[in-house]
Amino acid sequence: MPWLRMLVASTAALALAGPPAVATAAPPDQDGVRASVHTAGRVKDAGDLLQYSWPGVYFEGRFRGTGVGVVLDDPAADYDVQIDGATVATLVTPGRTTHWINGLRDGVHTVRLVKRNDTPWSTSSFGGFVAAPGGAVLGGPAARSRQIEFVGDSLTAGYGNLSTSRDCTGEQVQRTTNADVSYGALTARRLRADYQVNAYSGLGMVRNYNGGTPEVNYRTFYDRALLNVPGDVWQNPGTWRPKLVVVHLGTNDFSTPVNPGEPWTEESLAAAYRSAYSGFLQKLRTRYGPGTTLLAVGAGPFAGHVQQVVEERAGAGDRRVRYWRLDDTGLDHTGCHWHYSARDNRLLADRLTAFITDLPIRW
């Protein structure tokens, strides 16, 4: 893997400023948006709107009629709208709007809205689905019985995976990033699971890409729903109980040499990484309990460190921690800045799905 050429962070991905957007559209029913949609993402429920920041957050609904409106207030992110399983629109930084899909056959339809990219400097707002005149929004679809959480950086977020060139501007990165076709989302759908893609471009377990913004790292943000709100903590509604958490962090820690002035040597960075990684796995174990499988992904120069952490935890009695050595054979890395392409994500999803299928997970 071309680790030293992989630019894991964009300038925008590390910006932490910007006011949250607030939708003003009327809710689809008096019980609020959450009652009429299904989502497994980290959202803050404000009644007439749902707020969120992480990539890949999706909302699923049902309606009867010939059209549906999607109520959004988002100046930063892009979305796909899917009707009955097919993508019918891509919304680029839609702002405050109700986007309509009309001309459908009269009947019952499913609708799915998915946030494509990572915009941690901004808060996204979804105001629900509304039916075209003569129709009605129905109760949201049932949650899936399986749940998987993916923790990672730009490689997990789907950074530039739809690009046709490795050379990308910041604008091109945003337009060609699609978490919905990342290896995590593909794996979850193949396993018929709900999922979260809790990925933040440019951040590492202890060291960020090229030593940038050293006052924070991925663990600074993991607990949040709204990434640009310091101190924010996501309140699990009690419905998020994943039986599998996949952790893929380390590329940013080790893909660039330690710069003069950074407080690291190669040895101290490796030791700090292993200590923080073990602590993070313990945090996940405490949060989700002994029945959840923790799958730690190793690749490139950090693979041995991850494997060591897993072996130490397993030796100490953690029966549901596993190590997966990411096989990058055949990957072309033709996404923006040498990231995974859409084809690479499909190959990785094939390999990860096969590995997970053989695990003794009690879904």
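The legends below describe close-up views of a predicted model.

**View 1. The annotated N-terminal domain, residues 40-140.** An unreviewed UniProt entry places the feature "domain: Carbohydrate esterase 2 N-terminal" at this stretch. Over residues 40-140 the chain is 59% strand and 0% helix. The C-alpha atoms at the two ends of the stretch are 12 Å apart.

**View 2. The largest pocket, with a volume of about 260 Å³.** Seventeen residues are not all labelled here; of the 17 that line this pocket, the closest to its centre are Arg34, Gly41, Val43, Pro237 and Thr239. Strand S1 (44-45) and strand S12 (193-199) are the elements that give two or more residues to the lining. By class, the lining of the largest pocket divides into six nonpolar, seven polar and four charged residues.

**View 3. The second largest pocket, with a volume of about 170 Å³.** Twelve residues line this pocket, and the closest to its centre are Phe254, Thr256, Val258, Glu266 and Leu269. Helix H5 (251-254) and helix H6 (266-288) each supply at least two residues of the lining. H6 gives the most, with three residues. The lining of the second largest pocket has seven nonpolar, three polar and two charged residues.

**View 4. The salt bridge between Asp194 and Arg144.** Side chains of opposite charge can pair when their charged atoms come close. In this pair the N to O distance is 2.6 Å. Asp194 lies in strand S12, whereas Arg144 lies in the loop between strand S10 (136-138) and strand S11 (146-152), so the bridge ties together parts that are 50 residues apart in sequence. The two partners fall in separate accessibility classes: Asp194 counts as buried because its relative accessibility is 1%, while Arg144, at 32%, counts as partly exposed.

**View 5. The salt bridge between Arg190 and Asp350.** The side chains meet at 2.3 Å, N to O. Arg190 belongs to helix H3 (residues 183-190) and Asp350 to helix H8 (residues 342-357), and the pair links distant parts of the chain, 160 residues apart. Arg190 is partly exposed at 35% relative accessibility. Asp350 is partly exposed as well, with a relative accessible area of 41%.

**View 6. The salt bridge between Asp223 and Lys283.** The closest N and O atoms of this pair are 2.7 Å apart. Because Asp223 sits in the loop between helix H4 (218-221) and strand S13 (244-248) and Lys283 in helix H6, the bridge ties together parts that are 60 residues apart in sequence. Helix H6 also supplies residues to the lining of the second largest pocket. Asp223 counts as partly exposed at 23% relative accessibility, and Lys283 is partly exposed at 32%.

**View 7. A network of salt bridges around Asp194 and Arg144.** Salt bridges that share partners join Glu60, Arg112, Arg144, Asp180, Arg189 and Asp194 into one network. Two of its members, Asp194 and Arg144, form the pair of View 4. Strand S12, which holds Asp194, also gives residues to the lining of the largest pocket. The count for the model comes to 19 salt bridges.

Definitions and conventions: Residues numbered from 1 in each chain as written. Predicted model: local features only at pLDDT ≥ 70, side-chain atom pairs only at ≥ 80, totals over all residues. Heavy atoms only, no water. UniProt positions renumbered as here; feature names shortened; annotations may be inferred. Helix = DSSP H or I, 4+ residues; strand = E, 2+ residues; numbered from the N terminus. 1 Å grid on protein atoms, 1.4 Å probe; cavity = no way out; pocket = protein on both sides within 12 Å on 5 of 7 lines; lining within 4 Å. Points joined across faces, edges and corners; volume = space filled by probe spheres on them. Nonpolar A, V, L, I, M, F, W, Y, C, P; charged D, E, K, R; others polar. Buried < 20%, exposed > 50% of the residue type's maximum accessible area, 1.4 Å probe, protein only.
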